[in-house]
Amino acid sequence: MSRNGSHGHPTPGAYVGIFTALMLLTALTVWAAFQHLGIWNTPVALAIAVAKALLVALIFMHLRYSPRLTGIVVTASVLWLAILIVITASDYLTRSWLPIYGR
């Protein structure tokens, strides 16, 4: 039995609700794309994308109703991705410190 007391699957009403939320978030994405938000363009777009990804992963991929081990694996995967992004960004951002020989 899952954490919410049901049989481990969302109801049809939940699917409709999540679909509606995804459509609203998509409309918000389109609206935000046409706004001049300055330096906030990327953070707003990423926040909307993360919200949509969470809805899809939790409901349509049934992560919300999965065993705890699945949640641990997903969390570890996201943390590993964050580590790889930090390492890549640190390499990219420190390249300007290297001297350029031959000029």
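How much accessible surface does the chain have, and what share of it belongs to carbon and sulfur atoms? In this predicted model, the accessible surface comes to about 8,500 Å², and carbon and sulfur atoms account for 75% of that area. Keep that in mind as we walk through the chain, beginning with its overall layout.

The chain has 103 residues, of which 12% are buried. Its secondary structure is easy to follow: there are three helices and zero strands, so if you trace the elements from the N terminus you read α-α-α, as helices are counted here as DSSP runs numbered from that end. Helix α1 covers residues 12–33 and helix α2 covers residues 41–60, while helix α3 takes in residues 68–93. As for how the chain meets itself, take the contacts between residues at least 6 apart in sequence: 67% of them join residues at least 24 apart.

A good place to see helices α1 and α2 meet is Leu 25. This residue sits in helix α1 and is buried, because its relative accessible area of 17% falls under the 20% cut-off. What does Leu 25 touch, leaving aside residues up to four places away in sequence? The answer is Ile 48, Ala 51, Lys 52 and Leu 55. For one of these partners there is also a backbone distance to look at: the C-alpha atoms of Leu 25 and Ile 48 are separated by 6.6 Å, although the two residues are 23 apart along the chain.

The two helices are linked by an aromatic pair as well. Searching the whole structure turns up one such pair. Tyr 15 and Phe 60 are its members, with ring centres 5.6 Å apart and 20 degrees between the planes. The pair counts as stacked because the angle is under 30 degrees. Tyr 15 belongs to helix α1 and Phe 60 to helix α2, so this pair links distant parts of the chain, with helices here being DSSP runs: the two residues are 45 apart. Are these two rings buried, exposed or something in between? Both residues are partly exposed: Tyr 15 has a relative accessible area of 27%, and Phe 60 has one of 36%.

Now step back to the start of helix α2, where Asn 41 is found. Asn 41 counts as partly exposed, at 32% relative accessibility. Apart from residues up to four places away in sequence, Asn 41 touches Ala 32, Gln 35 and His 36. Its side chain also has a polar atom 3.3 Å from the backbone nitrogen of Leu 37.

Past the other end of helix α2, the loop between α2 and α3 holds two residues worth a visit, His 62 and Ser 66. What is unusual to find in the backbone of His 62, given that it is not a glycine? His 62 has a positive phi, of about 60 degrees. The residue is partly exposed, with a relative accessible area of 24%. Its contacts, again without residues up to four places away in sequence, are Gly 8, His 9, Pro 10, Tyr 15 and Ala 57. Tyr 15 is thus a partner of His 62 as well as a member of the aromatic pair. Gly 8 lies 54 residues from His 62 along the chain, yet their C-alpha atoms are separated by 8.2 Å.

His 62 also leads us to Ser 66. A polar atom of the Ser 66 side chain lies 2.6 Å from the backbone oxygen of His 62. Why is Ser 66 called buried while His 62 is partly exposed? Ser 66 has a relative accessible area of 17%, which is under 20% and therefore buried, whereas the 24% of His 62 lies between the 20% and 50% limits.

Our last stop begins with helix α3, where you will find Ile 83. Ile 83 counts as partly exposed at 42% relative accessibility. Together with Trp 80, Leu 84 and Ile 87, Ile 83 forms a nonpolar patch on the surface, and the four residues share about 410 Å² of accessible area.

Finally, there is a charged pair to look at. Side chains of opposite charge can pair when their charged atoms come close. The count here is one salt bridge, formed by Arg 95 and Asp 91, whose closest N and O atoms are 2.8 Å apart. Asp 91 is partly exposed, at 37% relative accessibility.

Methods
Residues are numbered from 1 along each chain as its sequence is written. This is a predicted model: local features need pLDDT of at least 70, side-chain atom pairs count only at pLDDT 80 or more; totals for chains, interfaces and linings use all residues. Side-chain values use heavy atoms; hydrogens and water are left out. Rings of Phe, Tyr and Trp (its six-membered ring) pair if their centres lie within 6.5 Å; planes under 30 degrees apart count as stacked, over 60 as edge-to-face and the rest as tilted. Helices (H or I, at least four residues) and strands (E, at least two) are DSSP runs, numbered from the N terminus. Buried means under 20% relative accessible area, exposed over 50%, partly exposed in between (1.4 Å probe, protein chains only). Patches are made of residues with over 30% relative accessible area and no salt bridge: like charges are joined within 9 Å, nonpolar side chains (Val, Leu, Ile, Met, Phe, Trp, Tyr) within 5 Å. Accessible areas come from the Shrake-Rupley method with a 1.4 Å probe; for residues, only the protein chains shown count as cover. A salt bridge is a side-chain nitrogen of Lys or Arg within 4 Å of a carboxyl oxygen of Asp or Glu. Contact means heavy atoms within 4.5 Å. A polar contact is a pair of N or O atoms within 3.5 Å; within protein, one must be able to donate a hydrogen and the other to accept it, and residues adjacent in sequence count only if both atoms are side-chain atoms.
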